[in-house]
Amino acid sequence: MAGLSGAGRRAFKKLFSATANYSSFSASNEMNLIKQLRERTSAPIKDVKAALVDSNWDIDAAQKELRKRGVVLASKKSSRTASEGLLALAQNHHKTALIELNCETDFVARNDIFQHLALSLANQALLLRNNSSSFHFGPQSFQDIRLNLEHPKINGETTVQNAITEVAAMMGENVKLTRAYVMPAPSNGLVSTYLHTSPQPGLGRIAGILSLEVDGDKKHVDALQRVGSELAMHVVAAKPLFLTKELVSLDALENEREILKSQAEASGKSQTTIDKMVEGRLRKYFEDVVLMDQKFVMNDTMKVKGVLDNLSKEVGSPVRVVNFLRMEVGEGIARKDTDASESVAHAA
């Protein structure tokens, strides 16, 4: 400043002082704005800062910019495999609904926004109508349906598809509704449920649903609920595929018979012996995949059929399983996109 006049030195000092104060102000407030916008949107810090810089640190403008960018990125990520996620379950007196909402990582599945969306979709599924006893809905059945979200970071009325896109944009991952299933309650019975690996009520990674029907008056509801809950847990643990032997599909039976026949023929025994071996192993196959023939996980000294016989005696009327479902997050997704019309439930 040696070459500057007194007035010039004073002007330079004033400019330098203002710049220093701005830098101090900016540094302390940048982090505050980043924190605020991160709390509002749950977007990655890198994206939050970039949006604020591009918006000259106007937090409202940056939030709008993030939403625009996020929706574009979400559409680009929609082809990426989403095999993580959660099942969400909702019930009323008339029916039980179960949906699967997928994402790419377990980290996003633990996010409260993702979980709120999953539970909202399950409750929405209860409102869908169908004349069949139990039914599936594909994602296309939901897209234009409106739902009301009530979360601090995502709220208001919107379509299901827009809500999913919005959450995908916020999470920075592919988020998709894969399938939905609704099981009506029997006119004289109830639907029991069990969720495994449940981060909060109504959510889990594996679900078992089972409907019980009783002849005559629905008495001893406590007994029905107790055994129903145990059987729903059994469905999760034992992975039955069919309700009864009669409902084993012909394709499944023939496929298993061919495998067992090939194994038996390798023993080199006579054809008569081979036939007996195949039939004996088929009985074991039924015990593995047929619910009524499986050993009860709570007491392996009896089969599920025996559990129902005991319950029938307790309530004084025949009790039967009408329908059941076992669903697990990511089933088949690693191999191919799951067809929402496919079911692992088998009705009587």
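Buried means under 20% relative accessible area, exposed over 50%, and partly exposed in between (1.4 Å probe, protein chains only). Helices (H or I, at least four residues) and strands (E, at least two) are DSSP runs, numbered from the N terminus.

The model is predicted: local features need pLDDT of at least 70, side-chain atom pairs count only at pLDDT 80 or more, and totals for chains, interfaces and linings use all residues. Residues are numbered from 1 along each chain as its sequence is written, and side-chain values use heavy atoms, with hydrogens and water left out.

**Exercise 1. Determine how far strand E6 is enclosed, and name its partners.**

Step 1. Strand E6 covers residues 176–184, and 7 of its 9 residues are buried, so E6 is largely enclosed by the rest of the structure.

Step 2. Two strands pair if DSSP finds at least two bridges between them. Strand E2 (residues 95–103) pairs with E6 in the antiparallel sense over 8 bridges; in this pairing, Thr96 stands opposite Met183 of E6.

Step 3. Strand E3 (residues 135–137) also pairs with E6 in the antiparallel sense, over 3 bridges. Here Phe135 has Val182 of E6 as its bridge partner.

**Exercise 2. Place E6 in its sheet, and find the edges and the helix that lies across it.**

Step 1. The sheet is open, has 5 strands with antiparallel pairing, and follows the order E3-E6-E2-E1-E8. E3 and strand E8 (203–204) are the edge strands, each pairing on one side only.

Step 2. At the E8 end, strand E1 (residues 84–91) and E8 pair in the antiparallel sense over 2 bridges, and Ala88 stands opposite Leu203 in E8.

Step 3. Helix H5 (residues 112–125) lies across E1, E2, E6 and E8, at about 145° to E2. Axes are lines fitted to C-alpha atoms, for helices over the stretch in contact (heavy atoms within 4.5 Å); angles run from 0 to 180 degrees between N-to-C directions.

**Exercise 3. Is Val214 buried or exposed, and which residues does Val214 touch?**

Step 1. Val214 lies in strand E9 (residues 206–214).

Step 2. With a relative accessible area of 4%, Val214 is buried.

Step 3. Not counting residues up to four places away in sequence, Val214 touches Asn188, Leu224, Val315, Ser317, Pro318 and Val319. The C-alpha atoms of Val214 and Asn188 are separated by 6.0 Å, although these residues are 26 residues apart along the chain.

**Exercise 4. Locate Val297 and classify its exposure.**

Step 1. Val297 lies in the loop between strand E10 (295–296) and strand E11 (299–303).

Step 2. Its relative accessible area is 41%, so Val297 is partly exposed.
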